[in-house]
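Subject: Structure for you to look at

Dear colleague,

Here is the structure I said I would pass on. Please open it beside this message and read the notes with it in view.

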Amino acid sequence: MNVFIEAVRRLSVACGVASVLLLIASVVVVCHLVIVRYGLGASAIWQHEFVTFSLIGATFLGGPYVLLTKGHVNVDLLPIYLGHKGRIALALLSSVLSLIFCVIIAWRGLLWWEEAWVGNWHGETVWAPPLWIPYIAMPLGMGLLSLQYVADMLSLITGRDMPFGLKPEERQS
């Protein structure tokens with residue numbers, strides 16, 4: 001089990017790095033766009049599409065890392081007032097529901113990606129990139145996010161991690 005949790009952690013960190021690289025690439029391309037279009041008065045053909053696809057890819061690929069670091073928005077009003085067992089139950093319930101959602105989106109995204117791959121879809125711009133490349137971010141990111149949810153649940157069940165980052169004795173009265 002430790003091997004699985006560590007492997008998923010490493011994959012999530014790699015996704016975080018890929019997400020940051022996509023964000024950096026987007027910033028560089030936007031700067032290039034500004035220089036080419038407004039500085040040189042030339043046409044910007046591919047930059048808008050590249051930035052759009054990169055930002056969407058960074059969002060999907062960054063999800064597993066954000067979950068790993070507990071960076072998602074978390075309202076902890078209820079967990080503060082629950083006991084330790086109640087927190088575990090609430091954390092597991094929310095993780096299971098989130099996992100179901102992520103698996104459904106990953107599956108549908110995979111079907112969408114396959115349709116773009118088999119149909120040889122291309123963007124409708126002059127650049128016309130093959131659309132399977134940006135579409136792979138959804139099933140890949142959501143699939144890895146699903147694995148991170150499983151790893152988080154295993155860590156919670158085995159006591160490696162505390163629900164909502166709260167120790168058992170931290171309870172409001």
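The notes below cover pockets, a surface patch and salt bridges, in that order.

Please keep in mind that this is a predicted model.

Pockets

The largest pocket holds about 540 Å³ of space. Its lining is made up of 19 residues. Those nearest the centre of the largest pocket are Leu 67, Lys 70, Asn 74, Ser 94 and Phe 164. Two elements, α4 (84–118) and α6 (137–157), give two or more residues each to this lining. Of the elements, α4 contributes the most, with 5 residues. Sorted by class, the lining of the largest pocket contains 9 nonpolar, 7 polar and 3 charged residues.

The second largest pocket has about 240 Å³ of space. Around it are 13 lining residues, and Leu 22, Phe 53, Ser 54, Ile 133 and Pro 134 are the ones that lie nearest its centre. Here α2 (47–68) and α5 (132–135) supply at least two lining residues each, and α2 has the largest share, with 5 residues. The class count for the second largest pocket is 11 nonpolar and 2 polar, with no charged residues. The lining of the largest pocket, for its part, includes 3 charged residues.

Surface patch

Val 17, Val 20, Leu 21, Ile 24 and Val 28 make a nonpolar surface patch of about 450 Å². To find the patch in the viewer, start from Leu 21, which is in helix α1 (residues 2–39). Is Leu 21 buried or exposed? Its relative accessible area is 53%, so Leu 21 is exposed, the cut-off for that class being over 50%.

Salt bridges

How many salt bridges does a search of the whole structure find? The search gives 4; three of them are described here.

Glu 6 takes part in two of these. Arg 9 is bridged to Glu 6, with 2.7 Å between the closest N and O atoms. Both are in helix α1 and 3 residues apart, so about one helical turn separates them. Glu 6 also forms a salt bridge with Arg 10, at 3.1 Å from N to O. This second pair is 4 residues apart in helix α1, which again means a separation of about one helical turn. Taken together, Glu 6, Arg 9 and Arg 10 form a linked network of salt bridges.

How accessible are these residues? Glu 6 is partly exposed, at 30% relative accessibility. Arg 9 is also partly exposed, at 34%. Arg 10, with 54%, counts as exposed.

The other bridge to look at joins the side chains of Asp 161 and Lys 70, at 3.6 Å from N to O. This pair links distant parts of the chain, as its members are 91 residues apart. Asp 161 is in the segment after α6, while Lys 70 is in the loop between α2 and α3 (77–81). Asp 161 has a relative accessible area of 27% and is partly exposed. Lys 70 is partly exposed too, at 47% relative accessibility. Lys 70 has already appeared above, among the residues nearest the centre of the largest pocket.

Regards

Note on methods. Residues are numbered from 1 along each chain as its sequence is written. This is a predicted model: local features need pLDDT of at least 70, side-chain atom pairs count only at pLDDT 80 or more; totals for chains, interfaces and linings use all residues. Side-chain values use heavy atoms; hydrogens and water are left out. On a 1 Å grid over the protein atoms alone, a cavity is a set of points where a 1.4 Å probe fits but cannot get out, and a pocket is an open set with protein on both sides within 12 Å along at least five of seven lines; lining residues have an atom within 4 Å of a point. Grid points are joined across faces, edges and corners, and a volume is the space filled by probe spheres set on the points. Ala, Val, Leu, Ile, Met, Phe, Trp, Tyr, Cys and Pro count as nonpolar, Asp, Glu, Lys and Arg as charged, and the others, Gly among them, as polar. Patches are made of residues with over 30% relative accessible area and no salt bridge: like charges are joined within 9 Å, nonpolar side chains (Val, Leu, Ile, Met, Phe, Trp, Tyr) within 5 Å. Accessible areas come from the Shrake-Rupley method with a 1.4 Å probe; for residues, only the protein chains shown count as cover. Buried means under 20% relative accessible area, exposed over 50%, partly exposed in between (1.4 Å probe, protein chains only).
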